[in-house]
Every structure is written in structure tokens, then in C-alpha cells.
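Walk me through this fold from the inside out. Begin with the packing, then turn to the polar groups and the backbone.

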Amino acid sequence: MDTRFKPPGVRWAHATNSQALLRNALSEDTSIHMIEADVMISNGGNVIMSHPPIRESDLTLHDFMVKISDHNAAASSASRHIGVKLDWKDPEAIDPGLHVVKTVILGEESSSGRMEERCDVATVCSWNGPLWLNADIVMGPGNKTPKHNADEFVSKCRQHFDGVAFSLGWTVAPFNAYSTASWKAHRYTDKHCADMLHVCERHRLTDCHVTFAMSAIPAQQSPDVVAKLLAANPNYTITLWGNTDAACRAWIRTLDAQRVYVDTKDVDGWNVVWCTLQLARLCGYLQ
């Protein structure tokens, strides 16, 4: 793993699903290291950056990747290189989305005739920023059935890429965004842990960077599971996302900072998400 993108101090731009948000994340005024965005198929069949249930966006995956690639190529120093975490929300977007990513990394002109090749570590590294491929592939707190087939997602990613990082997560049933108590009622179990580690074992993910994406407050309720995941392999890390309160943030500070990424918001941050969704409904984007 590139030392520039090790957990301590990594700053995130989360849900970067529009041209305006991407411009802001890439601006010189920010100190962003990693950009997270969601991959969907639009109502018109295009691969776009959008979060369910919205299926429209002014930013396609192709333009997203090209803009970051251009940014990294023009960066004045390695410290300005930016990595990407692509969160696949739609199983139908996996095949066309991986094709787009591969085309950009190989180079638009040189990709012709090479799409059947597997991008090796050197090719991925030449992009100057880490590439994380994320999906919720295992049932987690709240027992929501995953949209993705775990083996299919990992197999398709490995078919196209070597040297990428896998960001593998569990489904989390929607809880009350205003109530941390509703989140604290749920936790990750030993079965959740075992199911995820079995996926890693089946696909021999012991020689690459795997980060387990865990909802922060349920993870706080499951310190034994967090410890087991980190103990399974020295290449494994944790990425905490979502809602936090003061107690959760205090717990996060007790963890090994070298192996835990933090992409979280406090409780008030979730109010912004809720208001955004209500505005989208009023504007007719959501039913």
C-alpha cells in the first residue's frame, strides 16, 4: 500500500456524485486524499455516479475517472495525487463500469485490443493513485439481503485488475438517522465476520490490500469482531463510515491508527442527508 494513502491523516470526499462536488474535491483549496463515489446505471442505461434511489446524474463514471486521471497527471507533486473508492450500488453496473475504469487506466488510445488483458500492479500504480473497488457483499446488521453476489463481484474485479484494493462491506439495514440509539441496537456478529473472511479465503485475497467497510456505531458495539478482522491478515484494514457520536469518536481514537481509515460524520451530518432526500422528493426526483 502506498504510504501516502495509509490511514493516519487520510482525508475523504464522500459521495462525490456530481460535477460540482468533483470540482470541489479536486480544487487546490482542499487537501483531499481519497474520493469516494457511487456507481449506478441510469434510467437511460449509462454508467453514472449516483446513490440509490436516484438514477440520474450530471457525472458519468467515464468523466469522473478521466477528470481524476487528468488531475493526477498534471499534479505538481505526488502529494497532490488522489485515490478513488468506487462503491458499486448496482450489480448491473459492474461489467460496464469495470470496462470504463479499465479503459481510462490503460489509456483511451492504447486500450484498443487490450481489454481482455488483466491490468497488472504496475499498470494500476501508473495511474498515480490507489483504486479501491467497493461493494456490500455480505449480510450485516439488520439482516438486509445484499444486492451483490459476493463471489461474482470479487471474481469480476480480479478478472480485470491486479493491484487494486478491495473494500468489502456488509449490508446495513436503514436505521433512524436522528437516533444513535437505533444504531447502537445493532452490531456485527461472529457470523458476519466469518462469512466475510470466508469470501477472502475462497478468492485468496491474502496478498492484496483488503479493507473492511464497517458502519461506525455498530462496529463500536462489536470490538471483538473488529479485532478478529484485523488479526486475520496484516494486509487487512478497517474503514469506518457513517454516523458517529462523541462516544463512538472516543472509541475510534483507541484503535490502531495505522490500520483504520475514518470516513465518518457526526450525527448532525446525517441531518443534511435527510434534508437532501426530502428536497429531492419535493423536486420530483424521488417517489
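What follows is a tour of a predicted model.

Start with the nonpolar packing. The largest nonpolar core has 71 residues. Within this core, Phe64 and Leu86 have the most contacts. Helix H3, spanning residues 94–106, gives the most to the core, with seven residues. A second, separate core has six residues, among them Met34, Trp132, Ala165 and Tyr261.

Now take Leu86 itself. Beyond four places in sequence, Leu86 touches residues that include Ala37, Val39, Met49 and Leu61. Phe64 and Met65 are also on its list, as is Val101. The run Leu131, Trp132, Leu133 and Asn134 completes the set.

Trp88 is the next stop. This residue lies in strand E4. Is Trp88 buried or exposed? Its relative accessible area is 2%, so Trp88 counts as buried, the cut-off being under 20%. Its contacts outside four places in sequence include Val39, Ala93, Ile94, Gly97, Leu98 and Val101. Leu133, Asn134, Ala135, His148 and Phe153 touch Trp88 as well. The side chain of Trp88 also has a polar partner: one of its polar atoms lies 3.0 Å from the backbone oxygen of Ala93. Asp136 is 48 residues away from Trp88 along the chain, yet their C-alpha atoms are separated by 8.2 Å.

Phe153, one of the contacts of Trp88, leads to helix H5. This helix covers residues 150–160. Its buried residues are Ala150, Phe153, Val154, Lys156, Cys157, Arg158 and His160. They pack against strands E4 (83–88), E5 (131–138) and E6 (165–170), and against helices H3 and H7. At the start of H5, a side-chain oxygen of Asn149 comes within 3.1 Å of the backbone nitrogen of Asp151.

Next, a buried charge. Asp263 lies in strand E9, residues 260–266. It is buried, yet has no salt bridge. Why does Asp263 have no salt bridge? The nearest side chain of opposite charge, Lys85, is 5.2 Å away, and a salt bridge has to fall within 4 Å, so this pair does not qualify. The side chain of Asp263 does have a polar contact of 2.6 Å with that of His14. Setting aside neighbours within four places, Asp263 is in contact with Trp12, His14, Leu240, Trp241 and Gly242.

Another polar side chain sits in the loop between H7 and E7: His209. At 13% relative accessible area, His209 is buried. Its side chain makes a polar contact of 2.9 Å with the side chain of Thr237.

Finally, check the backbone. Most residues other than glycine have a negative phi, and most peptide bonds are trans. Three places here depart from those patterns.

Where is the cis bond? The peptide bond from Pro52 to Pro53 is cis, with omega near 5 degrees. Pro53 is in the loop between strand E3 (47–49) and helix H2 (61–74).

Ala15 has a positive phi of about 55 degrees, although it is not a glycine. Its loop runs between strand E1 (12–13) and helix H1 (19–26). Ala15 counts as partly exposed because its relative accessibility is 27%.

Arg204 also has a positive phi, near 50 degrees. This residue lies in the loop between helix H7 (190–202) and strand E7 (210–215). Its relative accessibility is 63%, so Arg204 counts as exposed.

Methods:
Residues numbered from 1 in each chain as written. Predicted model: local features only at pLDDT ≥ 70, side-chain atom pairs only at ≥ 80, totals over all residues. Heavy atoms only, no water. Core = buried A, V, L, I, M, F, W, Y, C linked by side-chain atoms within 4.5 Å. Buried < 20%, exposed > 50% of the residue type's maximum accessible area, 1.4 Å probe, protein only. Helix = DSSP H or I, 4+ residues; strand = E, 2+ residues; numbered from the N terminus. Contact = heavy atoms within 4.5 Å. Lys, Arg positive; Asp, Glu negative; His and termini not counted. Polar contact = N/O pair within 3.5 Å; in protein donor to acceptor, adjacent residues only side chain to side chain.
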